[in-house]
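Got the model open in your viewer? Keep a selection box handy and follow along, stop by stop.

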2 protein chains.
Amino acid sequence: MIIAKTVREVREQVAEWRREGLSVGLVPTMGYLHEGHASLVDRARAMCDRVVASDFVNPTQFAPNEDLEAYPRDFEHDCNLLEEHGCDMVFYPSVEEMYVPNAATYVEIQDEMPKQLCGKTRPIHFRGVCTVVSKLFNIVQPDRAFFGQKDAQQLAVIRRMVRELSYGIEIVGCPIVRESDGLAKSSRNTYLSPEERTAALVLSKAVFRGEELVGSGVVDAKRVVDEMTALISAEPLARIDYVSAVDGVTMQPVEVITDGTLVAMAVYIGKTRLIDNFIAGGLK
Amino acid sequence: MIIAKTVREVREQVAEWRREGLSVGLVPTMGYLHEGHASLVDRARAMCDRVVASDFVNPTQFAPNEDLEAYPRDFEHDCNLLEEHGCDMVFYPSVEEMYVPNAATYVEIQDEMPKQLCGKTRPIHFRGVCTVVSKLFNIVQPDRAFFGQKDAQQLAVIRRMVRELSYGIEIVGCPIVRESDGLAKSSRNTYLSPEERTAALVLSKAVFRGEELVGSGVVDAKRVVDEMTALISAEPLARIDYVSAVDGVTMQPVEVITDGTLVAMAVYIGKTRLIDNFIAGGLK
């Protein structure tokens, strides 16, 4: 596997693949990789001739009060996982390689969409995500890019950015990967104490309960959200940021659950903010 | 010359050229082409295997009070000029082809730079320019793109956007092309009455006077700007928007003129807003 630390190395390698007529898939990550990321690499491996993963903790999507410094990193472990899953190149740039001093060019959706759900507590988050993903797209120029459904709002934001900025890139959404007890895989799970790790199961329990209600024919969004909220509220270590049912494309709240409705939550377990969700009728 | 009205046609044609190993140059225009645009096509022709021009009056760079509706259009004339200069493909999309309903994804430099000079009276202008140029870059994926020095702030903004969004595209700036009496070529010159056309010469006269002063060793920006301002103010049909000496990269005002300093102006002649400029030491 090629380890590229500079934009130039990535461009030159991808150009060579292009000259050979090979298709390229991109898996953008912030590192500290787990089986969720591995599933994205597997999917890219199956759909593209060459697979590039990026491993970059992007500062512009963290607010000053967030966990940029604490965010877990283990590049050696990441390389092993990526190589095992057949990744051809990992792009592992420094912050200086990605951002010139005083950089202020942003890609931003300037309406209500990025202010919903996670955007309420993280107002600059999706501006940072759109900007860095746009840069990665411009550096790698992939045919396809792979994102997990766990970050469902991010997936919807990226799909919209690609459409509205006319990127010729197919965005492939991949299902949530869970621990055997149900907890959605996340690099941030490493923050949890053993007690918190147990308490964190309320997220997936609420997701499964919501899916069960919708599967049994309940379409009243308030009823589903209320029941999920009650389940989470019963856990003393949990503090709810939001539990919401929204349109899967616009992220606007809905009253009636239909195919494509996103039912999403963010919950603090102690100081750790975790997210989970399901999409009625499954991910399209 | 190929006339492409859809994004798909452009992508397919460029992909074919890419497979043949050919380089591609892009000349973004708003149509109503003149010798200034022709010089960009000539330069692209000399530097690239294939030349694509876009011909699109971009609504997102006009404010509601500006001249979007009145902006002159003549596609047949544009095609003749482009063909004469060896352009291989013109991209001539509808507004609907370029913007989906409720599009709100923008590329924007979010600091003081786009608020200087033309940005003072045109606060959303450079957001629209960056967004549409970014879309054109994503559609055509050119090796080089060609912009005129007449729109000097635009050229600086695009150079910065390309650097900060990691586009692998070389931006080539091309000198101002003038009428024989000095007036900078502009599609908006067509708005001028015969009387205004004569009055409009104060812009180029002021530019030439400024260049002369700087050439003779005057480095005091205030003195150069004041003398240019006095020259323009003597014309009854002229109303100055700005005359400024700024750093050619950051667009911040300077007190001392050095190589690379941009001395730029916007002047209303009747209702028509015209721009002109010179760069101390010439365009780099």
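Start by selecting B:L203. Leaving aside neighbours within four places in sequence, B:L203 is in contact with B:A184, B:M265, B:V267, B:L274 and B:D276; contact here takes C-beta atoms, placed from the backbone, that lie within 7 Å. Before going on, bear in mind that this is a predicted model, where local features need pLDDT of at least 70, side-chain atom pairs count only at pLDDT 80 or more, and totals for chains, interfaces and linings use all residues. Residues are numbered from 1 along each chain as its sequence is written, while chains are lettered from A and ligands numbered from 1 in the order in which they are written.

Keep B:L203 coloured and add A:V140, A:V157, A:L203, B:V140, B:V157 and B:M265: of the 165 residues in the largest nonpolar core, these and B:L203 touch the most other members. A nonpolar core is a set of buried Ala, Val, Leu, Ile, Met, Phe, Trp, Tyr and Cys residues joined through C-beta atoms within 7 Å. Buried is for residues with 20 or more other C-beta atoms within 10 Å of their own, exposed for 12 or fewer, and partly exposed for those in between, with C-beta atoms placed from the backbone. In soluble globular proteins, nonpolar side chains tend to be buried together.

**Strands 8, 9 and 10 of chain B**

Next, select residues 262-269 of chain B, which make up strand 9; seven of its eight residues are buried. Helices (H or I, at least four residues) and strands (E, at least two) are DSSP runs, numbered from the N terminus. What lies alongside? Strand 8 (residues 238-246) of chain B pairs with strand 9 of chain B in the antiparallel sense over eight bridges, and two strands count as a pair if DSSP finds at least two bridges between them. Click B:V243 and look across to B:M265, its bridge partner in strand 9 of chain B.

Now add residues 272-279 of chain B, strand 10, joined to strand 9 of chain B by eight bridges and also running antiparallel to it. B:I269 stands opposite B:T272 in strand 10 of chain B. Between strands 9 and 10 of chain B, which form a hairpin, there are two residues, and B:G270 in the turn has a positive phi of about 65°.

**Over to chain A**

Try strand 10 (residues 272-279) of chain A: six of its eight residues are buried. Strand 9 (residues 262-269) of chain A pairs with strand 10 of chain A over eight bridges in the antiparallel sense. A:V267 has A:L274 as its bridge partner in strand 10 of chain A. In the hairpin of these two strands, A:G270 takes a positive phi near 65°.

For a change of scene, pick A:E195, which sits in helix 8 (residues 194-199) of chain A. Is A:E195 buried or exposed? A:E195 is exposed, with 11 other C-beta atoms within 10 Å. Measure across to A:A264: 69 residues along the sequence and 24 Å in space, C-alpha to C-alpha.

**Helix 7**

Select residues 152-164 of chain A, helix 7. Its 13 residues reach 18 Å from first C-alpha to last, close to the 18 Å expected at 1.5 Å a residue; that expected span is 1.5 Å times one less than the number of residues. Eleven of the 13 residues are buried, including A:L155, A:V157, A:I158 and A:M161. Just after helix 7 of chain A, stop at A:S166, which takes a positive phi of about 60°.

**Where the chains meet**

Show both chains. How many residues of chain A are in contact with chain B? There are 25, facing 25 residues of chain B. Helix 1 (7-19), strand 5 (105-109), helix 6 (125-140) and helix 7 of chain A each supply at least two residues of that side. Strand 5 of chain A gives the largest share, five residues.

Zoom in on strand 5 of chain A and strand 5 (residues 105-109) of chain B: five bridges join them, and they run antiparallel. A:T105 has B:I109 as its bridge partner.

Finally, superpose the chains. A rotation of 180° with 0.0 Å of shift along its axis puts chain A on chain B (RMSD 0.0 Å), using least squares on the C-alpha atoms of residues with pLDDT of at least 70 in both. That is the relation of a two-fold axis. To find the axis, select A:V107, whose C-alpha is the nearest to it in chain A, at 2.3 Å.

How values were computed: Contact = placed C-beta atoms within 7 Å.
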